[in-house]
Amino acid sequence: MPIVGSGWKMNHLRSDIADYAAAVRKGLADVDTTQLELFVLPPFTGLVTAHEAFSGTGIAIGGQNMHWAEHGAFTGEISARMLRDVGCSHVALGHAERFQYFGESYEAVGLKVAAALENDLKPILCLGEGVEDKEEGRAEEVLGSQLSMALTKVSPEDLPRIILAYEPRWAIGQKAAADPAYVLERHRGLRATIEERHGSAAAAAIRIIYGGSVDRSNAGTLMALQEVDGLFVGRYAWSAEGFIDIVRIVAAHHSKGRMP
Ligand code: PEP
């Protein structure tokens with residue numbers, strides 16, 4: 001089932017969320033969304049509103065981050081149980097901006113992935129190399145080590161519950177997405193790493209989505225790549241119209257099949 005998700009970052013008040021959801025309901029009324037996995041990740045303050053506003057649309061709600069502990073003296077943090085409590089089914093972990101601005105580490109991401117799974121939340125595990133890693137030919141190595149730190153506490157049976165979001169850091173917030181041939185190579189590499197470490201069943205089952213400057217001009221080409229199981233969209237889907245565009249493109253590709 002192809003995936004389309006949008007991380008809203010630090011955007012949208014509750015009133016915007018109600019309008020966004022109403023527009024999406026209308027804009028996707030003729031699309032069979034049961035054939036897609038759709039999610040939006042509002043800021044924490046919008047989760048309750050989003051849960052109500054999107055109910056019955058088939059669009060899941062998720063957090064943009066969480067703490068690994070269940071509760072305790074962790075000022076400013078939110079736990080997996082709290083996300084469940086407000087209707088979340090998904091949570092993004094290890095987003096590039098958490099590393100860039102908030103001192104995130106893959107050790108912490110590993111704890112968060114395990115806590116999310118224990119609490120029945122689907123982790124959207126973000127992975128991506130920096131520009132220097134890419135220029136120095138180290139992308140594969142960097143992704144392999146991010147993956148091993150993030151999955152240390154995960155058993156192979158749980159891998160299908162995780163969505164891997166390949167988001168090259170140099171392609172986030174840019175004018176253009178990464179080149180499709182490059183995306184294909186990285187997705188193949190990630191799947192091969194999963195196969196080597198966790199077996200072929202896990203490699204076949206894990207979903208790998210692409211994120212980084214996706215918009216209506218590149219979504220079709222990216223989705224046509226056999227190894228791309230969906231799209232993770234930032235800016236372009238902060239508007240309901242953008243989200244609708246991408247869902248429609250992905251739904252159309254799904255019904256047509258993929259390029260090898
Ligand atoms: C992101 O930050 O995860 C992202 C994909 O952003 P954008 O689409 O704006 O590049």
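Let's start with cysteine 88, which is buried in this predicted model, at a relative accessible area of 3%. Cysteine 126 is buried as well, with a relative accessible area of 2%. Now, how far is the sulfur of cysteine 88 from the closest cysteine sulfur? That closest sulfur belongs to cysteine 126, and the separation is 15 Å, too far for a bond. Turn it around and start from cysteine 126: the closest cysteine sulfur is the one in cysteine 88, again at 15 Å. A disulfide needs the two sulfurs within 2.5 Å, so the count comes to 0 disulfides.

While we're in that part of the chain, have a look at strand β5, residues 122-127, where you'll find proline 123. Buried or exposed, what would you say for proline 123? It is buried, with a relative accessible area of 0%. Leaving out residues up to four places away in sequence, proline 123 touches Val91, Leu93, Val113, Ala116 and Leu117, and also Arg161, Ile162 and Ile163. For a sense of distance, take glycine 58, which is 65 residues from proline 123 along the chain: their C-alpha atoms are separated by 18 Å.

Next, the nonpolar cores. The largest one has 74 residues. Which residues have the most contacts inside it? Those are Phe54, Tyr210, Leu231 and Phe243. The element that gives the most to this core is helix α11, residues 240-256, with 8 residues. Another core lies apart from it, with 11 residues, including Ile124, Ile163, Ala165 and Phe232. You've already met Ile163, by the way, as one of the residues that proline 123 touches.

Let me stay with phenylalanine 243 for a moment. Setting aside anything up to four places away in sequence, phenylalanine 243 touches Val4, Ser6, Tyr20, Val24, Leu38, Phe39, Val40, Ile59, Tyr236 and Ala237.

On to threonine 49, whose place is in helix α2, residues 47-53. The cut-off for buried is under 20%, so threonine 49, at 19% relative accessible area, counts as buried. Beyond its neighbours within four places in sequence, threonine 49 is in contact with Arg14 and Ile17.

Now to the ligand, so please turn the view that way. Which residues are around it? Reading along the chain, we have Lys9, His95, Glu97, Glu167, Ile172, Gly173, Gly212, Ser213, Phe232, Gly234 and Arg235. Phe232 will sound familiar, as it was among the residues of the 11-residue core.

Let me pick out some polar contacts. A ligand oxygen lies 2.8 Å from a backbone N or O atom of serine 213. At glycine 234, a polar backbone atom is 2.9 Å from an oxygen of the ligand. With arginine 235 it is the side chain that takes part: one of its N or O atoms is 2.6 Å from a ligand oxygen. And how much of the ligand does the protein cover? On its own the ligand has 290 Å² of accessible area, and the protein covers 98% of that.

Two of the residues around the ligand deserve a second look. Glycine 173 sits in the loop between β6 and α8, the latter being residues 180-198. At 45% relative accessibility, glycine 173 is partly exposed. Past its neighbours within four places in sequence, glycine 173 is in contact with Ser213 and Arg235. Glutamate 196 is 23 residues from glycine 173 along the chain, and their C-alpha atoms are 32 Å apart.

The other one is lysine 9, found in the loop between β1, residues 3-7, and α1, residues 14-27. Lysine 9 is partly exposed, at 23% relative accessibility. Its phi is positive, about 55°, although lysine 9 is not a glycine. Histidine 12 is found in the loop between β1 and α1 too, and here phi is near 90°, again positive in a residue other than glycine. Histidine 12 is partly exposed, with a relative accessible area of 22%.

One last stop: glutamate 157, in the loop between α7, residues 139-150, and β6, residues 163-166. Glutamate 157 counts as exposed, at 60% relative accessibility. Serine 239 is 82 residues from glutamate 157 in sequence, and C-alpha to C-alpha the two are 36 Å apart.

Thanks, everyone, and over to you for discussion!

Note on methods:
Residues are numbered from 1 along each chain as its sequence is written. This is a predicted model: local features need pLDDT of at least 70, side-chain atom pairs count only at pLDDT 80 or more; totals for chains, interfaces and linings use all residues. Side-chain values use heavy atoms; hydrogens and water are left out. Buried means under 20% relative accessible area, exposed over 50%, partly exposed in between (1.4 Å probe, protein chains only). Helices (H or I, at least four residues) and strands (E, at least two) are DSSP runs, numbered from the N terminus. Contact means heavy atoms within 4.5 Å. A residue is near a molecule or strand if one of its heavy atoms lies within 4 Å of it. A polar contact is a pair of N or O atoms within 3.5 Å; within protein, one must be able to donate a hydrogen and the other to accept it, and residues adjacent in sequence count only if both atoms are side-chain atoms. Accessible areas come from the Shrake-Rupley method with a 1.4 Å probe; for residues, only the protein chains shown count as cover. A nonpolar core is a set of buried Ala, Val, Leu, Ile, Met, Phe, Trp, Tyr and Cys residues joined through side-chain atoms within 4.5 Å.
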